[in-house]
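Q: Please take me through one part of this model, step by step. Choose a strand and show me what sits beside it.

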Amino acid sequence: MTPVSTPPAVQVASSGIRDPGSAAEDLANQLLHKHLGHVLFFCSAEYDLAQLGLALEREFAGVELSGCTSAGEITPQGYDRGCITAIGFDRRYFAIESALIGEMDRFTLRDAQSVVDDLLSGCRDAKLAPIKGNTFALTLLDGLSSREELVLAALNSVLGSIPQFGGSAGDDEHLADTYVFHQGRFHAGAATVLLINTPLDFRVFTTHHLIEGREKLVVTHACADTRTVHELNAEPAAEAYARAVGTSVEALSREVFALQPLGVKIGSNYFVRSIQRVNPDKSLTFYCAVETGIVMTAMGQGSLLGAVRDQLEDSERVVGKPLVTIGCDCFLRRLEAELTGESEAVSGFLRRHNVVGFNTYGEQYNGMHINQTFTGVVIGQPDR
């Protein structure tokens, strides 16, 4: 007798085909099996998203789909661009419930409680594993909404001991429109929340490689709603920042922002606040929350690859050889890797450690919205 092949608990796939229908068919050929319960995907915003959504729903009829647009993809082959990468979860090992937050700016604590209660109820009904210790939350948020902190704070307050991580959707660095996918359509100004319950071991983590510098900058005038800092140390923000990092206002660029970010110390740890752009009035707009009175530190560079290696290897010592690692990697980290010649080394490391995910406009970890970090979950192999 020929032995029956059993699909793994997780399968990964990617497609570089630019036609939406053909790309969806390509992914289905790689992922579909009778126990497939949920597909999580990350795609370039260069696709015709309306057509891609229809094609994915057609090819994966009866299978739940979640995802978002990206600023670069992490595929089973490592870093890529202009493609779609996906993870297929076997329902025998994963109970996955998802919800859409359609209006991020109106999301309240009561809304969060309702969303999480519904997700928990669905996971319990699957009867795969107890909720406590076997469940994590994944959040995908519109990366240009400026409302990530509001949503994350509300969700974090009701998730309790359930760990949470995620990433903000990108659009291939156009900074125009970012989308999340839920129930057959791409949505702007929205977020998706996934609750993932599994008997498999996992570890949620976050890491960055930046180290404390000496230059301190006090935010003396900011608009929190637009994440714009008008003054640092009572000077035009761009002038103060440029001087702190040793360049001119005219030379400020995304490359400078990637290599010389600012950090805010919370407790004993630094969390990065990345600059999005310089405005004509010499104010600076950020990807994360900023407000008058906070102290920012010009951060120095540690080892980008070393920090990722340490975190993943530590996680793998806890859960064993990874079945898959879902990774949310800031697009500015990838830019830094390209600028410093580390891109191939980082890409190869991610490939060898079964990382699949995307380059983000911001990362999320246990209710915090952060920048220039690598966050994710390492999921271990099933017992045989």
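A: **A close look at strand β14**

Start with the record. An unreviewed UniProt entry lists residues 35-236 as "domain: FIST". The model shown here is predicted. Over residues 35-236, the chain is 44% strand and 20% helix. The C-alpha atoms at the two ends of that stretch are 58 Å apart.

Now pick out strand β14, which covers residues 210-223. Which strands pair with β14? One is β21, residues 295-301. β14 and β21 run antiparallel, and six bridges join them. Take one residue as an example: V218 has V295 of β21 as its bridge partner.

Another partner is β15, residues 228-232. Here, too, the sense is antiparallel, with four bridges to β14. V219 of β14 is bridged to L232 of β15. β14 and β15 form a hairpin, with four residues between the strands. Look at R227 in this hairpin: its phi is positive, near 55°.

A general point about strands helps when you view the side chains. In a regular strand, they alternate between the two faces of the sheet.

Next, turn to the largest pocket. How many residues line the largest pocket? The lining has 13 residues. Nearest the pocket's centre lie E149, A224, A289, V290 and E291. By type, the lining has six nonpolar residues, six charged and one polar. The space in this pocket is about 300 Å³.

Methods. Residues are numbered from 1 along each chain as its sequence is written. This is a predicted model: local features need pLDDT of at least 70, side-chain atom pairs count only at pLDDT 80 or more; totals for chains, interfaces and linings use all residues. Side-chain values use heavy atoms; hydrogens and water are left out. On a 1 Å grid over the protein atoms alone, a cavity is a set of points where a 1.4 Å probe fits but cannot get out, and a pocket is an open set with protein on both sides within 12 Å along at least five of seven lines; lining residues have an atom within 4 Å of a point. Grid points are joined across faces, edges and corners, and a volume is the space filled by probe spheres set on the points. Ala, Val, Leu, Ile, Met, Phe, Trp, Tyr, Cys and Pro count as nonpolar, Asp, Glu, Lys and Arg as charged, and the others, Gly among them, as polar. Two strands pair if DSSP finds at least two bridges between them. UniProt positions are given in the numbering used here, feature names are shortened, and annotations may be inferred rather than shown by experiment.
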